[in-house]
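The exercises below ask the reader to work through a structural model with the sequence and coordinates at hand. Each task is followed by a solution that proceeds step by step.

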Amino acid sequence: MDDCIFCKIARGEIPCYKVYEDDDVLAFLDLSQTTKGHTLVIPKNHYDNFLFVPKDIVSKVFGAAQKIAQAQVASLGAEGINILNNTNSVAGQTVMHFHVHVIPRYGEADKLKIEFMSNKIEKINLPAVAEEISKKL
Ligand code: AMP
Ligand code: ZN
């Protein structure tokens, strides 16, 4: 994709702070550094988001994410990791090239809060929803 910023990084046309590279995958520091070491893992080929990525590439990207998480623990002293993907703008995706955030966590000191709160808008019928999803698999 000509005008995709992550394709440009993958092609070496825009600089990045590279953490890892192989034939299919590139990982580099997120410029926002939500916490110290916050890294993005991308496939070198362009896929708009998680929904469109072939299974073998998903596996390679998440395999690299695991290696990077282990290295963040070993090198930076992270005590935990958040693995995050935003799929589509409604979920907060701002760069439309599939990527996984690998975010090292350092306890209260890192000031990052990711909270899952119970749904307050509607009462959800759990057996029906589980059935709805599983019949499409
Ligand atoms: P998302 O909101 O999940 O699409 O995440 C996009 C991320 O890309 C944001 O956290 C940005 O800080 C990051 N980002 C955007 N441009 C660059 C860049 N040139 N190099 C590194 N990170 C970037
Ligand atoms: Zn791209």
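**Exercise 1. The ligand and its polar partners**

Determine which atom types of H99, N86 and G92 approach an oxygen atom of ligand 1, and at what distances.

Solution. Begin with H99 in this predicted model, where an N or O atom of the side chain lies 2.9 Å from an oxygen atom of ligand 1. Turn next to N86, which also uses its side chain, since a polar atom there is placed 2.8 Å from a ligand oxygen. For G92 the partner is instead a polar backbone atom, and the separation from an oxygen atom of ligand 1 is 3.0 Å. Then consider how much of the ligand is covered: taken on its own, ligand 1 has 510 Å² of accessible area, and the protein covers 82% of that area. Finally, widen the view to the surroundings, which comprise 16 residues around ligand 1, with D30, N86, T94, H99 and H101 coming nearest. N86 and H99 thus appear both in this nearest group and among the polar partners described above.

**Exercise 2. A buried arginine and its aspartate partner**

Classify R105 and D110 as buried or exposed, and describe the contact between their side chains.

Solution. First locate the two residues: R105 belongs to strand β5, while D110 sits in the loop that connects β5 with α3. Next apply the cut-off, by which a residue is buried when its relative accessible area is under 20%. R105 has a relative accessible area of 17% and is therefore buried, and D110, at 13%, is buried as well. The third step is the pair itself, in which the side chains of D110 and R105 make a polar contact at 2.9 Å. The last step is to list the wider surroundings, leaving aside residues up to four places away in sequence. On that basis R105 is in contact with A78, E79, G80, I81, N82, D110, L112 and I114, whereas D110 touches T35, P104 and R105.

**Exercise 3. Positive phi angles outside glycine**

For Q33 and K111, give the phi angle, the loop in which each residue lies and its accessibility class.

Solution. Start with Q33, whose phi is near 45°, a positive value in a residue that is not glycine. The residue is placed in the loop between β2, residues 25-29, and β3, residues 39-43. Because its relative accessibility is 30%, Q33 counts as partly exposed. Repeat the procedure for K111, where phi is near 65°, again positive in a residue other than glycine. K111 lies in the loop between β5, residues 100-105, and α3, residues 126-134. With a relative accessible area of 74%, K111 is exposed.

**Exercise 4. Sequence separation and spatial separation**

Find how far apart in space the C-alpha atoms of L29 and K18 lie, and how far apart those of F116 and N85 lie.

Solution. Take L29 to begin with, a residue of strand β2 that is partly exposed at a relative accessible area of 29%. Its C-alpha atom is separated by 6.7 Å from that of K18, with the two positions 11 residues apart along the chain as the sequence separation. Once neighbours within four places in sequence are set aside, L29 is in contact with Y17, V19, G37, H38 and T39. Move then to F116, which is found in the loop between β5 and α3 and is exposed, its relative accessible area being 81%. Here the sequence separation from N85 is 31 residues, and the C-alpha atoms lie 15 Å apart.

**Exercise 5. The protein as a whole**

State what order the secondary structure elements follow, and describe the extent, burial, surface and charge of the protein.

Solution. Counting the elements gives 3 helices and 5 strands, and reading them from the N terminus yields the order α-β-β-β-α-β-β-α. Along the principal axes, the C-alpha trace spans about 50 × 40 × 25 Å. Of the 137 residues, 32% count as buried. Among contacts between residues at least 6 apart in sequence, 53% join residues at least 24 apart. The accessible surface comes to about 9,300 Å², and carbon and sulfur atoms account for 57% of it. Lastly, there are 15 positive and 17 negative side chains, and the centres of these two sets lie 3 Å apart.

Key: Residues are numbered from 1 along each chain as its sequence is written. Chains are lettered from A and ligands numbered from 1 in the order in which they are written. This is a predicted model: local features need pLDDT of at least 70, side-chain atom pairs count only at pLDDT 80 or more; totals for chains, interfaces and linings use all residues. Side-chain values use heavy atoms; hydrogens and water are left out. Helices (H or I, at least four residues) and strands (E, at least two) are DSSP runs, numbered from the N terminus. Buried means under 20% relative accessible area, exposed over 50%, partly exposed in between (1.4 Å probe, protein chains only). Contact means heavy atoms within 4.5 Å. Accessible areas come from the Shrake-Rupley method with a 1.4 Å probe; for residues, only the protein chains shown count as cover. Lys and Arg count as positive and Asp and Glu as negative; His and the chain ends are not counted. The place of a charge is taken as NZ of Lys, CZ of Arg, CG of Asp or CD of Glu. A residue is near a molecule or strand if one of its heavy atoms lies within 4 Å of it. A polar contact is a pair of N or O atoms within 3.5 Å; within protein, one must be able to donate a hydrogen and the other to accept it, and residues adjacent in sequence count only if both atoms are side-chain atoms.
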